[in-house]
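I opened my notebook to keep track of what I look up in this one. Pull up the viewer and follow along with me.

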Amino acid sequence: MPRHLLYLIVFIEGFCSLGAEVIALRRLVPHVGSSIVVTAPTIGFFLLALALGYGSGARVSERFTAVVARNFVVSALLVGLGLARVTVDGMFAHLQPAGVAYLLFIGGVLCPVAWLLGQTVPVLTNLMKHMRTGEASGYALYWSTLGSFLGSVSLALLVMQWLGVSAAVLVCASLLAVGSLLLGGVGWRPWAAALAAGLGALGINLFPPSQVADTAYADYTVEAVNLPDHTDPRAFFVNNSLASLVDDSEPPRYARYVQHLRRILLEDLALRDKAVLVLGAGGFTLSHREPSNRYTYVDIDPKIRGIAEARFLKAPIRGEFIVDDARRYVRATAERYDAVVVDVFSSHTSIPGHLVTREFWQDARRVLAPEGVLLANLILDGKLETPYARNLLATIESVFGRCGVDVLHRGKPLSNVIVSCHASSRPADVTPYSDERNGADVDLARSR
C-alpha cells in the first residue's frame, strides 16, 4: 500500500476518533450538563476504549486492510446514527434515570467507536515493511495525532459554529465511509456498506427537518404552550430546559422569575436610565418592551440572538449583545453597571462550574457601581437544604455579605431562587444570640 494512503487512513482515524468524542460531549450537554463529573468520566471511558483498541489491533496478524476497512464502516454507522440528536434524545427520554441512558450512550456508541478506530495504527504499521519499526510507528502516530488535533479544532470551532452539530456528525461519518472505500478495494460490497452508512447518517441527521436549532453550545427550540389567560404563549427552550416565556398579551407576560426580576429592577429599585448587565441571554425578555434602562447582554453563543429574534420575540432585542464568556467579560471589562443579573445555565439545573466560584462572584462584584445591586437566578431545591444550595449561597455571601433570598416555588422539588446582593454590603463575623450572652438589644440599638 502506498505510504501516502496509509498516512491518509491514520489521519482520518485520528480526526474522526477525537471528533466523535467532541460531538459526544456536546450531545450530552442538554441531558446531563457539562460539569467535570460528566466530562471527566466521558474522556476516561473514551481513553480506556482507545487503549483496549490498541491492544486488540496489536493481535491482528492477517487481512490488515480488510480489518481496518470493516472497522471504519462500522464506526461510520455508529457515528452517523448513534451521535445523531434524535438518537441521543431518544435514549435520555426513554431510559431513566439519566445515568442509565448515559452508560448506554457511552458503552454502546462512544466506546465502540474508540475501540474500533484505536486498532488502526497498530494494524496498519504491519504494512510499513520498508521502514524501521520505530520509524513506522512514529510517523503513523504523528499523522493520527495531527488528525486528532485538526478534528477537534475544526469541528468545534468551524463546523459546529457555522453549520451545527449535525453537520459535524455527517463530516465524521462521511470521512470514515470514504476511508473504508480506500481500504476495501473493488467490488460491490464495500461500496454498498459505505453507501448505506452515508445515507443512514444523512437521513437521520437532516431529514425530516428539525425544529431544534443546534449550535456548538446548545440546542434551542421555540414551542407554543397552553397557558390559561395568555395570548399566543410560546416557550424558549435551551438544552431541553425552559429558559423563558413570552406571549402577545398587552402588556406581554413572561416567565415568573423574569417578571420577579423586572419588578425588582423597575419597581423596588426604581431604576431609570441605568446600565444593566445581563450575564446569560436566555430569551432576552428582561428588556423586552422596557425602554427605561440600558441593557447589555453577554452570552457565549453568537447564534442565540438570531434565534430569539426570529422565532421567540419576533422582534429585535432591546439592548446591546456581546458574544463572550460571562466570567471573562466581568474580569476584563472596564464598564460599571448599576445592576448585574446573573442567569447562566447550560441545562435546567446546571451552571458551568467556573461561574459558581468565589472568584467569579468577586469579578461580578467588581463591575458593580458603588450603589449597584446583583441579582442571581438560581435553580435550587425549594427548601435550600441540599449541599449544593447551602454551599452556593454561602459562596455568594462570602463575597457580598448578607443577601436577600426569594424562593419562588416553595412547594416544588426545584425552584427558581432569586438572590439579591448590594455592592455596598460587606461580609462580617456573626455572633449568635444565646440565653447566656444575648446582645440583641444592643445590636438593635446600633442598627438604628
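**Entry 1: a leucine on the outside.** I started with Leu-157, in a model that is predicted. Is Leu-157 buried or exposed? Its relative accessibility comes to 54%, and the cut-off for exposed is over 50%, so Leu-157 counts as exposed. I then looked up where Leu-157 sits, and found it in helix H7, which spans residues 133-162.

**Entry 2: the company it keeps.** Leu-157 belongs to a nonpolar surface patch of about 750 Å². The other residues that make this patch are Phe-149, Leu-150, Val-153, Leu-158, Trp-162 and Leu-163.

**Entry 3: aromatic pairs.** How many aromatic pairs are there? I get a count of nine, taking ring centres within 6.5 Å as the rule. One of them joins Tyr-7 and Tyr-139, with 6.2 Å from centre to centre and 40° between the planes, and this pair is tilted. Tyr-7 comes from helix H1 (residues 3-32) and Tyr-139 from helix H7, so their pair ties together parts that are 132 residues apart in sequence.

I also checked how much cover each ring residue has. Tyr-7 has a relative accessible area of 11% and is buried, whereas Tyr-139, with 41%, is partly exposed.

**Entry 4: a stacked pair.** Next I turned to Tyr-220 and Phe-236. Their ring centres are 5.8 Å apart and their planes meet at 10°; the cut-off for stacking is under 30 degrees, so this pair is stacked. Tyr-220 is in strand S2 (residues 219-224) and Phe-236 in strand S3 (residues 234-238), so here the pair ties together parts 16 residues apart in sequence. What is the relative accessibility of Tyr-220? I read 3%, so Tyr-220 counts as buried. For Phe-236 the value is 0%, and Phe-236 counts as buried too.

**Entry 5: back to the tyrosines.** I returned to Tyr-7 and Tyr-139 to see what else they join. Ring pairs link them with Tyr-142 and Trp-143 into a cluster.

**Entry 6: strands further along.** My last stop was strand S6 (residues 294-299) and strand S7 (residues 320-323). In which sense do S6 and S7 pair? They run in the parallel sense, and four bridges hold the pairing. As a landmark for the viewer, I noted that Asp-299 stands opposite Val-323 in S7. Helix H11 (residues 304-313) joins the picture here, as S6, H11 and S7 make a β-α-β unit, and that unit is right-handed.

Technical notes
Residues are numbered from 1 along each chain as its sequence is written. This is a predicted model: local features need pLDDT of at least 70, side-chain atom pairs count only at pLDDT 80 or more; totals for chains, interfaces and linings use all residues. Side-chain values use heavy atoms; hydrogens and water are left out. Two strands pair if DSSP finds at least two bridges between them. Helices (H or I, at least four residues) and strands (E, at least two) are DSSP runs, numbered from the N terminus. A crossover is right-handed if, with the strands pointing away from the viewer, the path from the first strand over the helix to the second runs clockwise. Patches are made of residues with over 30% relative accessible area and no salt bridge: like charges are joined within 9 Å, nonpolar side chains (Val, Leu, Ile, Met, Phe, Trp, Tyr) within 5 Å. Accessible areas come from the Shrake-Rupley method with a 1.4 Å probe; for residues, only the protein chains shown count as cover. A salt bridge is a side-chain nitrogen of Lys or Arg within 4 Å of a carboxyl oxygen of Asp or Glu. Buried means under 20% relative accessible area, exposed over 50%, partly exposed in between (1.4 Å probe, protein chains only). Rings of Phe, Tyr and Trp (its six-membered ring) pair if their centres lie within 6.5 Å; planes under 30 degrees apart count as stacked, over 60 as edge-to-face and the rest as tilted.
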